[in-house]
Amino acid sequence: MSDTAFCYHCSVHHAMAEMRQIVTKGGKRWRCIKSIEAARAGLEARNAFGQRMTEINKAETQSRQSRMVNPELDAHNRSGGR
Ligand SMILES: [Zn+2]
C-alpha cells in the first residue's frame, strides 16, 4: 500500500509524492502539487490581466487629463521656468 494523503483541495487522497504540506489557518493540510500549480498559473494570469487593465486605465486617465489642460498655459509653464 502506497502512502497517500488527503488533499483538502480535491477532497480525495493522492500519493504522497504528489503532495505538498501547506500551513493554513486551520493547521497543516496536504494539497496536491497539481492544484497548487494550477492555482498559481491562474493567479499569474489574473495578475497579468489586472496589470494590463491598470495600464489601460492609466493611459486613458492621462489622455483625458492632457485634453483638459489648457495648451497655452502648458506652453507658458514649460518655456517660463521662473
Ligand atoms: Zn488534489
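Let me begin with one residue, tryptophan 30. Leaving aside residues up to four places away in sequence, tryptophan 30 touches Ala5, Phe6, Cys7, Tyr8, Met19 and Gln21. This residue belongs to strand β4. Please bear in mind throughout that the model is predicted.

Is tryptophan 30 exposed, partly exposed or buried? The count is 18 C-beta neighbours inside 10 Å, and because burial requires 20 or more, tryptophan 30 is classed as partly exposed. Histidine 9 lies 21 residues away from tryptophan 30 along the chain, and the two C-alpha atoms are separated by 8.4 Å.

I turn now to the overall arrangement. The protein contains two helices and four strands, and their order along the sequence is β-β-β-β-α-α. Of its 82 residues, 5% are buried. If we take the contacts between residues at least 6 apart in sequence, 16% of them join residues at least 24 apart.

Next, the strands. Strand β1, residues 4-7, pairs with strand β2, residues 12-15; the sense is antiparallel, and there are four bridges. Within this pairing, threonine 4 has alanine 15 of β2 as its bridge partner. The hairpin of β1 and β2 has four residues between the strands.

Serine 11 sits in that loop between β1 and β2, and its backbone deserves a comment. Most residues other than glycine have a negative phi. Serine 11 is not a glycine, yet its phi is positive, at about 60°. Is serine 11 buried or exposed? Serine 11 is exposed, since 7 other C-beta atoms lie within 10 Å and the limit for an exposed residue is 12 or fewer.

The second pairing is that of strand β3, residues 19-24, with strand β4, residues 27-32. These strands also run antiparallel, and six bridges join them. Two residues separate β3 from β4 in their hairpin. Methionine 19 stands opposite cysteine 32 in β4, and isoleucine 22 has arginine 29 of β4 as its bridge partner. Methionine 19 has already appeared among the residues that tryptophan 30 touches.

After the strands come the helices. How far apart are the end C-alpha atoms of helix α1, and what span should we expect? Helix α1 covers residues 33-68, which is 36 residues; at 1.5 Å a residue it should span 52 Å, and its end C-alpha atoms are indeed 52 Å apart, so the two values agree. As to its surroundings, α1 is hardly covered: the number of buried residues among its 36 is zero.

Finally, a word on confidence. The mean pLDDT of the protein is 88, and 84% of the residues score at least 70. Where is confidence highest, and where is it lowest? It is highest in β2, with a mean of 96, and lowest in helix α2, residues 71-80, with a mean of 66. Where pLDDT is low, the predicted coordinates should not be read in detail. I have accordingly said little about α2.

Note on methods
Residues numbered from 1 in each chain as written. Predicted model: local features only at pLDDT ≥ 70, side-chain atom pairs only at ≥ 80, totals over all residues. Expected span 1.5 Å × (residues − 1). Pairing = 2+ DSSP bridges. pLDDT = per-residue confidence, 0-100. Contact = placed C-beta atoms within 7 Å.
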